[in-house]
Amino acid sequence: MWDVLSADFDTSITGEQCVRNVIKNTSAGSIIVFHDSAKAMDRLRIALPKVLLHFTNLGYQFKAL
């Protein structure tokens with residue numbers, strides 16, 4: 001079950017706000033939800049790379065399932 005909703009679907013926020021939301025609410029073991037949809041794409045393109053870089057710099061690793 002996920003525990004962090006990125007809010008990338010929310011057209012009233014920016015990609016940077018999405019990044020801050022994810023980083024603020026994520027802890028070890030969290031599952032973060034991003035949406036692969038046209039509605040979310042503008043924020044997803046900004047937020048996902050920055051979130052991955054942030055947590056990679058903290059030593060986390062990401063792998064395809």
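The residues that line the largest pocket divide into 7 nonpolar, 4 polar and no charged, and this division offers a way into the structure, which is a predicted model. The space within this largest pocket comes to about 240 Å³. Its lining takes in the run Thr26, Ser27, Ala28, Gly29 and Ser30, together with Ile32, Val51, Phe55, Tyr60, Phe62 and Leu65. As for the way such a space is found, rolling a probe the size of a water molecule over the atoms shows where empty space is left.

One of the lining residues, Val51, leads on to helix H1, where Val22 has its place. The C-alpha atoms of Val22 and Val51 are separated by 7.4 Å, although the two residues stand 29 residues apart along the chain. Val22 has a relative accessible area of 0%, and it is therefore classed as buried, the limit for that class being under 20%.

Helix H1 also holds Glu16, and with this residue the account turns from the pocket to a charged pair. Side chains of opposite charge can pair when their charged atoms come close. How many salt bridges does the model contain by the rule applied here? The count comes to 1 salt bridge, in which the side chains of Glu16 and Lys50 meet at 2.2 Å, N to O. The pair links distant parts of the chain, since Glu16 belongs to helix H1 and Lys50 to helix H2, with their positions 34 residues apart in sequence. Glu16 counts as partly exposed because its relative accessibility is 33%, and Lys50, with a relative accessible area of 39%, is likewise partly exposed. Glu16 can also be placed against Leu44, which is 28 residues away in sequence, with 9.9 Å from C-alpha to C-alpha.

Helix H2, which spans residues 41–57, includes Arg45. Is Arg45 buried or exposed? Its relative accessible area is 58%, so Arg45 is exposed, the threshold for that class being over 50%. The C-alpha atom of Arg45 is separated by 7.7 Å from that of Gly15, a residue 30 positions away along the chain.

The loop between strand E1 (4–5) and helix H1 (15–25) deserves a closer reading, and Phe9 is found there. With a relative accessible area of 33%, Phe9 is partly exposed, and it contributes, along with Met1, Trp2, Leu5 and Ile31, to a nonpolar surface patch of about 530 Å². Residues enter such a patch only with over 30% relative accessible area, so the 33% of Phe9 meets that requirement.

Ala7 lies in the loop between E1 and H1 as well. What sets the backbone of Ala7 apart, given that it is not a glycine? Its phi is positive, at about 70°. Most residues other than glycine have a negative phi, and most peptide bonds are trans. Ala7 counts as buried because its relative accessibility is 15%.

Asp10 is a further residue of the loop between E1 and H1, and with a relative accessible area of 26% it is classed as partly exposed. From Asp10 the path can be traced back to the pocket, for Leu65 is one of the residues that line it. Asp10 and Leu65 are 55 residues apart in sequence, and in space their C-alpha atoms lie 26 Å apart.

Key
Residues numbered from 1 in each chain as written. Predicted model: local features only at pLDDT ≥ 70, side-chain atom pairs only at ≥ 80, totals over all residues. Heavy atoms only, no water. 1 Å grid on protein atoms, 1.4 Å probe; cavity = no way out; pocket = protein on both sides within 12 Å on 5 of 7 lines; lining within 4 Å. Points joined across faces, edges and corners; volume = space filled by probe spheres on them. Nonpolar A, V, L, I, M, F, W, Y, C, P; charged D, E, K, R; others polar. Patch = residues over 30% accessible without salt bridge, like charges linked within 9 Å, V, L, I, M, F, W, Y side chains within 5 Å. Areas by Shrake-Rupley, 256 points an atom, 1.4 Å probe, with all protein chains shown as cover. Salt bridge = Lys/Arg side-chain N within 4 Å of Asp/Glu carboxyl O. Helix = DSSP H or I, 4+ residues; strand = E, 2+ residues; numbered from the N terminus. Buried < 20%, exposed > 50% of the residue type's maximum accessible area, 1.4 Å probe, protein only.
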